[in-house]
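Colleague: I'm new to reading protein models, and I'd like to learn how to spot cysteine links. Could you walk me through it?

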Amino acid sequence: MALPARFPCFLHRGFLHTSLAAAALAGAVLTDAIQPRPVHSAEDIRINVTGPLVLSISVDDLETLATTGEIPPSMRLYRGVLNESLIRQMQMGLTLPLPLDVATVDNLAYSPLGRDVLFNLGKVVQTTAGQNGQIALRAAVINAAANADPEGWTMIDVLRAFPAQAIHVDLMDLLALRRELALYFSYNRAANAAIQAQAVAEAQTQANLDAAALPDLSQPGPYAFQKDTITVTNPAARQTSAGLTVNYDFDSDIYVPTGLTEPAPMVIISHGFGDVKESFTFLAEHLASYGFIVILPDHVGSDLAYRQTYLNGQLNTLLSPMEFINRPQEISFLIDKLEELTAASPEWAAVADINRIGVVGDSLGASTALALAGAEINYNRLIANCDQENVIFNFALYLECRARFLPPQNYELQDPRVKAIVAAHAVGGGLYGPEGFGQIDVPILMVAGENDIISTVITEQIHPFVWLQTQPKYLATFERGTHFTSKPGREGAGGLFGLLAGQHRDIGAQYYKGLNVAFWNAYLRGQSEFLPYLTARYGEFLSTDQPMAVNIISALSANQLEAAYGAAPPTPVIPAALAPTPPPRDESVLAEIERTGVLKVGLRKDAAPFGFIDQTGAWDGSCGDLALSLGDYLTEQLNRDVPIQVVELTSTLDNRYDLVKDGFVHLECGPNTLRTDLPGVVFSSPIFVSSARFLTLANPANPVNPNLPLAGLRLGVLGNTTTETFVQTTYPQAERVMFSGPEGRQNAIQAVQSGTIDAFVGDGILTYATLILDGKSPEDFSLFPDQPLTCEFYGLALPENDPQWRTLVNQYLASDGEKAVSTEWFSALYPAMLDQAEACLNR
């Protein structure tokens, strides 16, 4: 039954404002509150500095700045920060035409990726102060695309199409955005300067190298070759453009040198997301001309056809999490196939050396190569990277974050048959973290473009190179290079593609071909005479009189990067160490539920409105309805014919976490403050935000002012709660009177009424609900203050060692089923609750 029906006095005029101490974190409510009004378009941008101080910039003036580079008179206040470099960056960002038609934009905007991107941007670009601008941004980009000229639409067009009279930006969000953008500008320049300095230092130790005397490895080698195609079967399931496929086949092109006199090493090339194997024909043919057998597999779950199907709106998943598992497995199955061919065919055995195999990976293909070399997905690191509050611009991280939905286990993707790897424009920094990169134990060459904005060079390539513990390791960076610099392509393209692709790709491809020939000869054939090609001195030689230089280094430290930047980097080079990961459960929660058909949930009987005994003696509460809804969700997710049975077990203030930790329940629902100091317990995404409030008589003998020390006053508090810690810390001179047990809150309220204590400090929503359940008149009490004393974010308590279960529960909390429960119980309270949420979230 809905909360207003159970507790009609919740709507009592005059008491409502001071009694609501909670705010539901319901995304749907926020969305409904900011539905765009198409009759308006943004005229100015309002920067909320602090309190009532608001700075405004008109969109007209911003367009003048973007088109002319001149600072309008109305923006003279900002002259101190608008230097030439920043103005150029703003001009490029605001006027760059985006050639995406309205159908493509609409499909993207409503896709999961589009929703994530717009939600991230909406953290900064808001419809009103504190309200995410996701929905308004979606309308703006679609309208901008719909009214675009043939060259495309710009960010100025989006600002003008924003369906509100003003765009609100919080100064603190703007500063956080600036720190994030430093990864692409100031820190990027400093980090690349550090690499250039390291290359100079290494070259000075290689002065005796006569680079000019070395043959040019970018030119074709002496071998002719022939091309063939084999078909490999993968017994695993994967997402393809045609849907979920099991026991699927994939083709692999094989380039075999002719005239071999001994078995040749083999190099497998893994293409990137939305690409095709044919993009690397240039490299396959080049390596084959130097006597290597080269294989190009087609990753059908993330190739060009899959990406096009997604952009056409025919797929809801940009990248299946399974790709991070399937791709390395495909390479291993391909190697199995090569071993079968070698065993079955004397002709194949005479030319193919199955014991000398290397892998080249490009972009997402680099994450494949890294996994085969020993990097394991670090779930804790990945969740920390993906759940950050800052705006995420790194497209690579969006792809990597899909992996957090994988069942948490060690997939053992490392293949000892892979002896060395090349990782170009790698995706994997957030996926593997320093822990995963530290597990790689084969020679590695990393290749990067200094201006890669698709797979951010700082977080995906430069920092990971520092993390590598293996030796030897090399990093080759192309100055002013991009994500596509290492392979040939169209020159002179403009607009968005020109920005992403960059210039001088022909030179980058030449560098890349020569580096590959040298690396594979050195580390598959063991020919040390090719090591000079992998030196900084040779990089200097190659770069002479070229419009794009290449820097080749074999070492780099965090200290060098920090010194070059002159301050703490916007993101740490070496992130803080994570707590040790507990061993996985013998059986996951989801597997147990699927096996038994039972979901066990701990529910309180003393925590209205989450769980309580009503006047009729029945067990009621929002958590009970949530448990039943979650059971329905699991029935659907597990595709069960027989519904999941929900078993409700009684939890208390004292045993709630032990029930979860010891496995008696799969989750506990109640007013559980999110915290990180409970062994064996983690929490879901927030389901509620509340605050501690004082409860006194309406006219107390000893008035209570929360802003004073309250020395000598008797303050009641429930034991084993975060409120107890707050009172002890904030009011050490007060006398604390402890209450406990299922009736602790009722006893504390009775103590206030009898004058035994001066005030009770507790969760406001729980205190008020208890007043109503006990039949007490709200007019006899005062619940205060209006502004929150604390901000207690509540979540479902879950077992620590099962991230798969946590992920699924969080998915449910974002579903329509959970929204229906929240709406039924709390919809009448939403306006005042949102005020409370804003106060807490904007602290």
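Modeller: Happy to! A disulfide is a pair of cysteine sulfur atoms within 2.5 Å. Keep in mind that this is a predicted model.

Colleague: How many disulfides does a search of the whole structure find?

Modeller: The search turns up 2 disulfides. In one of them, the sulfur atoms of C386 and C401 are 1.9 Å apart. C386 belongs to helix α17 (residues 379-386) and C401 to helix α18 (residues 395-401), so to speak two distant parts of the chain, 15 residues apart.

Colleague: What is the handedness of the link of C386 and C401?

Modeller: Look at the angle about the S-S bond: at -105 degrees, this link is left-handed.

Colleague: Are C386 and C401 buried or exposed?

Modeller: Both C386 and C401 are buried. For a residue to be called buried, its relative accessible area must be under 20%.

Colleague: Which cysteines have sulfur atoms 2.0 Å apart?

Modeller: Those are C623 and C669, which form a disulfide as well. C623 sits in helix α26 (residues 622-637), while C669 is in strand β21 (residues 667-669), so this disulfide ties together parts that are 46 residues apart in sequence.

Colleague: Why is the disulfide of C623 and C669 left-handed?

Modeller: Because the torsion about its S-S bond is about -70 degrees.

Colleague: What is the relative accessible area of C623, and what is that of C669?

Modeller: C623 has 2%, so C623 is buried. C669 has 1%, so C669 is buried too.

Terms used:
Residues numbered from 1 in each chain as written. Predicted model: local features only at pLDDT ≥ 70, side-chain atom pairs only at ≥ 80, totals over all residues. Heavy atoms only, no water. Helix = DSSP H or I, 4+ residues; strand = E, 2+ residues; numbered from the N terminus. Buried < 20%, exposed > 50% of the residue type's maximum accessible area, 1.4 Å probe, protein only.
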